[in-house]
Amino acid sequence: MFKIGDYIVYGRNGICQVQDITYLDMNGADKERLYYVLLPVNTRGNTVYSPVDGGKVKVRKALTREEADQLIDEIPDLEQLWISNDKLREDQYKDAMRDCDCRQWVRIIKTLYLRKKERIAQGKKVTSVDEHYLKLAENQLYGELSVVMGMEKDELEDFILQRIGKLKKQKTGGP
């Protein structure tokens with residue numbers, strides 16, 4: 001069970017803070033069931049109510065700072081998610097997003113970043129499906145990392161790229 005003040009990742013709502021744990025007195029809510037009252041960090045003005053005893057949405061505790069640092073260090077070694085069939089690839093992206101697993105989000109970002117770069121080099125446009133899942137995965141990943149690392153979301157991409165660059169230099173013995 002999560003505690004008031006905890007940060008959790010709640011399905012497509014992304015990172016949320018537990019504001020309360022209470023019984024709800026509203027239409028459609030089971031008055032005998034305990035609920036988390038969640039405030040999505042990246043969507044101001046919204047409140048999410050989730051049964052404490054579980055539901056259909058995947059929920060997990062947000063990463064710690066140490067886990068976030070470890071994840072960033074693992075990025076170069078994480079494999080891409082690649083299937084040549086467009087429909088099967090989109091299904092794989094959907095499944096990866098539903099899993100609420102930040103390593104899967106990194107794999108999507110990595111795959112689509114490289115695919116985008118390749119398509120642009122060939123004079124082709126980025127597909128709308130690729131663009132959609134790239135933004136979705138970035139929003140989820142950067143939203144969570146911004147909270148646990150105490151950074152702004154728009155600073156994270158540069159921070160991650162710089163850190164990966166430093167790691168590569170350390171491995172190759174470069175300056």
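Helices (H or I, at least four residues) and strands (E, at least two) are taken as DSSP runs and numbered from the N terminus. The structure is a predicted model, in which local features require pLDDT of at least 70 and side-chain atom pairs count only at pLDDT 80 or more, whereas totals for chains, interfaces and linings use all residues. Residues are numbered from 1 along each chain as its sequence is written, and side-chain values use heavy atoms, with hydrogens and water left out.

Helix 4 is followed directly by G150, which adopts a positive phi of about 65°. The expected span of a helix is defined as 1.5 Å times one less than its number of residues. For the 22 residues of helix 4 this gives 32 Å, and the end C-alpha atoms, 31 Å apart, agree with that value. V147 belongs to helix 4. Accessibility classes follow relative accessible area: buried is under 20%, exposed is over 50%, and partly exposed is in between (1.4 Å probe, protein chains only). V147 counts as partly exposed because its relative accessibility is 23%. Contact denotes heavy atoms within 4.5 Å; when residues up to four places away in sequence are not counted, V147 touches Y7, I15 and V41. The C-alpha atoms of V147 and N42 are 9.9 Å apart in space, although the two residues are separated by 105 residues in sequence.

Helix 3 comprises 20 residues and reaches 28 Å from its first C-alpha to its last, close to the 28 Å expected. Its N-terminal end is capped by D101, a side-chain oxygen of which lies 2.9 Å from the backbone nitrogen of R103. After helix 3 comes G123, with a positive phi near 80°. The buried residues of helix 3 include W105, I108, I109, K110, L112 and R115. Among the elements that cover the buried residues of this helix are strand 1 (7–10), strand 5 (59–61), helix 1 (65–74), helix 2 (86–98) and helix 4 (128–149).

K110 is located in helix 3 (residues 102–121). For charge assignments, Lys and Arg count as positive and Asp and Glu as negative, while His and the chain ends are not counted. A salt bridge requires a side-chain nitrogen of Lys or Arg within 4 Å of a carboxyl oxygen of Asp or Glu. K110 is buried but has no salt bridge, the nearest side chain of opposite charge being that of D77, 6.8 Å away. The K110 side chain instead reaches the backbone oxygen of L78 at 2.6 Å. Beyond its neighbours within four places in sequence, K110 contacts I75, P76, D77, L78 and Q80.

The salt-bridge criterion yields a count of 12. One of these bridges joins the side chains of R115 and D130, with an N to O distance of 2.3 Å. R115 lies in helix 3 and D130 in helix 4, so this pair ties together parts that are 15 residues apart in sequence. Both R115 and D130 are buried. Elsewhere, R65, D69, D73 and R163 are joined into one network by salt bridges that share partners. Within this group, D69 bridges R65, with the closest N and O atoms 3.4 Å apart. Both residues lie in helix 1, 4 residues apart, about one turn of the helix. An α-helix has 3.6 residues a turn, so residues three or four places apart point the same way. D69 counts as buried because its relative accessibility is 19%, whereas R65, at 36%, counts as partly exposed. D69 also forms a salt bridge with R163, in which the closest N and O atoms are 2.9 Å apart. Since D69 lies in helix 1 and R163 in helix 5 (residues 153–172), the pair ties together parts 94 residues apart in sequence.

Rings of Phe, Tyr and Trp (its six-membered ring) are considered paired if their centres lie within 6.5 Å; planes under 30 degrees apart count as stacked, over 60 as edge-to-face and the rest as tilted. The structure holds 2 aromatic pairs. F2 and Y36 form a tilted pair, 5.5 Å centre to centre with 50° between the planes. This pair links the segment before strand 1, which holds F2, to strand 3 (residues 34–40), which holds Y36, across 34 residues. Both F2 and Y36 are buried. Y93 and Y133 form a tilted pair at 5.6 Å centre to centre, with 45° between the planes. Y93 in helix 2 and Y133 in helix 4 are 40 residues apart, and their pairing links distant parts of the chain. Y93 and Y133 are both buried.

Key: A polar contact is a pair of N or O atoms within 3.5 Å; within protein, one must be able to donate a hydrogen and the other to accept it, and residues adjacent in sequence count only if both atoms are side-chain atoms.
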